[in-house]
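Here is a short briefing to read alongside the model. Please have the sequence and the 3D view open as you go.

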Amino acid sequence: MRWANAQKALRYQVPKWTWTILRTLVLIGLCFMILYPVLQLFTRSFMGTADMNDGSIVLIPRTFSMENISLAWQMLDYPSSLAITLSVVTIATLLQTLCCLLAGYGFARFDIPLKRLLFAMVIYNCCAAAALYGIHLSSFQIL
């Protein structure tokens with residue numbers, strides 16, 4: 001009797017543990033896929049020209065160099081570029097927030113025909129916009 005209860009308990013415990021392990025592995029894989037390009041760009045910004053041309057160096061440079069960062073600071077005229085970028089982003093964020101506020105109020109307050117379809121289109125626009133921008137930018141790279 002005790003053996004049957006142990007088998008029954010084990011039968012119900014195994015799927016819980018396997019689901020937890022599987023979910024953890026999927027989350028770790030997704031985090032790695034998202035963070036690896038950022039980590040790679042960050043470490044390459046501290047590589048010298050010799051490390052950039054060496055194929056055996058992937059993430060950790062042999063010699064750390066601030067040459068790339070100082071060159072980018074000068075070429076981009078960073079303080080003025082940062083001011084322009086912040087002003088454009090602030091205005092765009094405020095306008096986007098206002099538009100979403102009005103759309104959300106309209107969906108909540110008024111009973112309009114095809115309300116669910118329009119709301120689905122809004123959600124799709126929020127999700128698909130970034131992916132479409134990425135496709136557009138990657139299709140025009142020269143080399």
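A good place to start is the pair Arg 62 and Asp 54, whose side chains meet in a salt bridge with an N to O distance of 2.8 Å. Keep in mind that this is a predicted model. The chain has 5 helices and 0 strands, and the points below go from that salt bridge to the overall fold, the surface and a few individual residues.

**The salt bridge**
- The count for the structure comes to 1 salt bridge, and its partners are Arg 62 and Asp 54.
- Arg 62 has a relative accessibility of 59%, so this residue counts as exposed.
- Asp 54 has a relative accessibility of 24% and is therefore classed as partly exposed; the cut-off for buried is under 20%.

**Overall fold**
- Reading from the N terminus, you will meet the elements in the order α-α-α-α-α.
- The chain has 143 residues, and 8% of them are buried.
- Among contacts with a separation of 6 or more, 5% join residues that are 24 or more positions apart.
- The accessible surface of the chain is about 12,900 Å², and carbon and sulfur atoms account for 74% of that area.

**Helix H1: a surface patch and a buried threonine**
- A nonpolar patch on the surface is formed by Trp 19, Leu 22, Val 26, Leu 27, Leu 30, Met 33, Ile 34 and Leu 35.
- Together, the residues of this patch offer about 860 Å² of accessible area.
- Leu 22, one of the patch members, sits in helix H1, which covers residues 2-44.
- With 48% relative accessibility, Leu 22 falls in the partly exposed class.
- Thr 43 is also a residue of helix H1. Is Thr 43 buried or exposed? Its relative accessible area is 15%, so Thr 43 is buried.
- Leaving aside residues up to four places away in sequence, Thr 43 touches Leu 59 and Pro 61.

**Aromatic pairs**
- Searching the whole structure turns up 5 aromatic pairs.
- One of them brings together Tyr 105 and Phe 110: the ring centres are 6.1 Å apart and the planes stand at 90°, so this pair is edge-to-face.
- Tyr 105 is partly exposed, because its relative accessibility is 49%.
- Phe 110 is likewise partly exposed, at a relative accessible area of 47%.

**Positive phi in two loops**
- Which loop holds Asp 77? Asp 77 lies between helix H3 (67-76) and helix H4 (78-109).
- Although Asp 77 is not a glycine, its phi is positive, at about 50°.
- The relative accessible area of Asp 77 is 45%, so this residue is partly exposed.
- Leu 114 is found in the loop between H4 and helix H5 (115-138).
- Leu 114 has a phi near 60°, again a positive value in a residue other than glycine.
- Leu 114 is exposed, because its relative accessible area is 60%; the class begins over 50%.

Conventions: Residues numbered from 1 in each chain as written. Predicted model: local features only at pLDDT ≥ 70, side-chain atom pairs only at ≥ 80, totals over all residues. Heavy atoms only, no water. Patch = residues over 30% accessible without salt bridge, like charges linked within 9 Å, V, L, I, M, F, W, Y side chains within 5 Å. Areas by Shrake-Rupley, 256 points an atom, 1.4 Å probe, with all protein chains shown as cover. Salt bridge = Lys/Arg side-chain N within 4 Å of Asp/Glu carboxyl O. Helix = DSSP H or I, 4+ residues; strand = E, 2+ residues; numbered from the N terminus. Buried < 20%, exposed > 50% of the residue type's maximum accessible area, 1.4 Å probe, protein only. Contact = heavy atoms within 4.5 Å. Phe/Tyr/Trp six-rings, centres within 6.5 Å; stacked < 30°, edge-to-face > 60°.
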